[in-house]
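Hello,

I promised to hand this structure over to you, so here it is. Please have a look at it first, and then read on for my notes.

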Amino acid sequence: MPDDALLGSLLAAVDASPDDVPLRLHVADLLAARDRLPEALAHCTQALSRAPGDPRAVALLQRLTAAIARPVEPGFDWGRAEQELGPLEAGFAQEYRPDAVTEDVERPSLTLADVGGMEQVKQRLEMTLLGPMRNPELARAFGTSTAGGLLLYGPPGCGKTFVARAVAGELGASFYEVGISDVLDMYTGSSERNLTQVFEAARRNAPCVLFFDEVDALGQKRSHLTHSSSMRNTVNTLLAELDAGRNEGVFVLGATNHPWDVDSALRRPGRFDRMLLVLPPDAPARAAILRHHLRDRPVSGIDLDRLTRSTEHFSGADLAHLCTTAVERALADSVRLGSVRPVGMADLDAALAEVRPSTGPWFATARNVVAFANTDGSYDDLAAYLKQNRKL
Ligand SMILES: Nc1ncnc2c1ncn2[C@@H]1O[C@H](COP(=O)(O)OP(=O)(O)O)[C@@H](O)[C@H]1O
Ligand SMILES: [Mg+2]
């Protein structure tokens, strides 16, 4: 075939000029089109090592890894692989594809039932937020109020955003996620107007969970910035909007990894006056997360129970990293062998030796806060956890 003669010459040309990245990518493309995926991948990674971040190479790599992670040989038993991992929680099956999007506002179909484990968080949410919202008359009779925001806090990557989205799904509300640093960075002078627009959009989309991520950025940056007066204005705008009394149907949730840096004005009654600790995933949550990241991969002989036990203190993000590392190892082998080798426990054990839980530094700070700055009892939940886990 003249076509393949051309490919042969091009391969020889790559050998002769190994640093010619566009040529190599072209060859990788041609190989991929002929389903010679491992070879294509080898050229693609070579190209990337010479031109890190090259957008064409990155795009091709993504395409190839997606294609190669599915075994080409027809014999692979996907049914067995799935059975090995057990059933998948409904929420994962859909990857939070929002049902409707208006100005960044989504309508999540995820609910608390999709959150693996974390019984304590669910119970607290039910008691302090969802229950009163479902029964406003009862709440009024008991003198409790649903006004004011709930601040989710805990180490990074442990499910704060995930839980906030599930709360919106649970209430059948829309979900509007706002990163405080985005609001601040837009262009400093106009960030107050941005915040007002955010609240207006939330009201238009009511019922709406308005989720502020990195709430600490407001207080923290304020002390560092030379433009502290404009920062003060932004804080004031946020306070005014929170206090506005016209937030009917807008439920404000916040999240922070550093509650101790949150501007104290934001913690007053009617604002972010309640805190909810979101800890690293417990065993059922870890099993759910691991299952999620290993699904759709060719796996074989996975002992999910053992994995769950060996990943105590891992955050959700650490678990994702662990699975990617294991998959990469199997992929590298597959490239060498020229055929797909499933991901097995040996890959995961090797990954376990490499990936350590990232929550350590957070708990180191948390220990100090609990020891020296828990005078008002804000961190009693955290103190109890630290004590129970002998971290204190
Ligand atoms: N209990 C859980 N069940 C299922 N997935 C979880 C759970 N906790 C965390 N995750 C997953 O872990 C990852 C990190 O969670 P995320 O909500 O982004 O963390 P945070 O906002 O606290 O930094 C996400 O991919 C999320 O889907
Ligand atoms: Mg988050």
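Below is what I found, from the overall make-up down to single residues.

Before anything else, please keep in mind that this is a predicted model.

**The whole protein**

The protein has 392 residues, and 47% of them count as buried. If you colour it by secondary structure, you should find 19 helices and seven strands. Of the contacts with a sequence separation of 6 or more, 74% are between residues 24 or more positions apart. As for the surface, the protein exposes about 19000 Å², with 53% of that supplied by carbon and sulfur atoms.

**The nonpolar cores**

The largest nonpolar core is made of 42 residues. Inside this core, the residues with the most contacts are Tyr176, Leu210, Phe212, Leu266 and Leu382. A second core, separate from that one, has 27 residues, including Met118, Leu150, Val167 and Val209.

To get a feel for the packing, try centring your view on leucine 210. Leaving aside residues up to four places away in sequence, Leu210 touches Tyr176 and Val178, then Val198, Phe199 and Ala202, and also the run Val250, Phe251, Val252 and Leu253.

**The ligand**

Which residues come nearest to ligand 1? There are 15 residues around the ligand, and the nearest are Met118, Gly157, Lys160, Thr161 and Phe162.

Several polar atoms sit next to oxygen atoms of the ligand:

- Glycine 157 places a backbone N or O atom 2.8 Å from an oxygen of ligand 1.
- Cysteine 158 also uses a backbone N or O atom, at 3.2 Å from a ligand oxygen.
- Threonine 161 contributes a polar side-chain atom, 2.8 Å from an oxygen atom of ligand 1.

On its own the ligand would expose 560 Å², and the protein buries 82% of that area. Two elements give two or more residues each to the surrounding shell, namely helix H9 (160–171) and helix H14 (283–294). Of the elements, H9 gives the most, with three residues. Sorted by class, the shell holds nine nonpolar residues, five polar ones and one charged one.

**Unusual backbone geometry**

Most residues other than glycine have a negative phi, and most peptide bonds are trans. With that in mind, three places are worth a visit.

The first is methionine 118, which you have already met in the second core and beside the ligand. Methionine 118 has a positive phi of about 55 degrees, although it is not a glycine. You will find Met118 in the loop between E2 and helix H7 (119–134). Is this residue buried or exposed? Its relative accessibility is 10%, below the 20% cut-off, so methionine 118 counts as buried.

The next is glutamate 214, another residue other than glycine with a positive phi, near 55 degrees. Glutamate 214 is in the loop between E5 and helix H12 (216–224). With a relative accessibility of 32%, this glutamate counts as partly exposed.

The last is a cis peptide bond that joins alanine 206 and proline 207, with omega at about -5 degrees. Proline 207 belongs to the loop between helix H11 (191–204) and strand E5 (208–213).

**Three more residues to look at**

Histidine 43 is part of helix H3 (residues 37–50). Its relative accessible area is 15%, so histidine 43 is buried. Not counting residues up to four places away in sequence, His43 touches Leu11, Val14, Arg24, Val27, Ala28 and Leu31. For one of these, valine 27, the C-alpha atom is 7.8 Å from that of histidine 43, and the two residues are 16 apart along the chain.

Valine 105 is in strand E2 (residues 105–106) and is buried, with a relative accessible area of 1%. Between valine 105 and glutamate 177 there are 7.5 Å from C-alpha to C-alpha, although they are 72 residues apart in sequence.

Threonine 325 lies in helix H16 (residues 316–337). At 12% relative accessibility, this threonine counts as buried. Beyond residues up to four places away in sequence, Thr325 touches Ala351, Glu354 and Val355.

Enjoy exploring, and write back with any questions.

Best wishes

Key: Residues are numbered from 1 along each chain as its sequence is written. Chains are lettered from A and ligands numbered from 1 in the order in which they are written. This is a predicted model: local features need pLDDT of at least 70, side-chain atom pairs count only at pLDDT 80 or more; totals for chains, interfaces and linings use all residues. Side-chain values use heavy atoms; hydrogens and water are left out. A nonpolar core is a set of buried Ala, Val, Leu, Ile, Met, Phe, Trp, Tyr and Cys residues joined through side-chain atoms within 4.5 Å. Buried means under 20% relative accessible area, exposed over 50%, partly exposed in between (1.4 Å probe, protein chains only). Contact means heavy atoms within 4.5 Å. A residue is near a molecule or strand if one of its heavy atoms lies within 4 Å of it. A polar contact is a pair of N or O atoms within 3.5 Å; within protein, one must be able to donate a hydrogen and the other to accept it, and residues adjacent in sequence count only if both atoms are side-chain atoms. Accessible areas come from the Shrake-Rupley method with a 1.4 Å probe; for residues, only the protein chains shown count as cover. Helices (H or I, at least four residues) and strands (E, at least two) are DSSP runs, numbered from the N terminus. Ala, Val, Leu, Ile, Met, Phe, Trp, Tyr, Cys and Pro count as nonpolar, Asp, Glu, Lys and Arg as charged, and the others, Gly among them, as polar.
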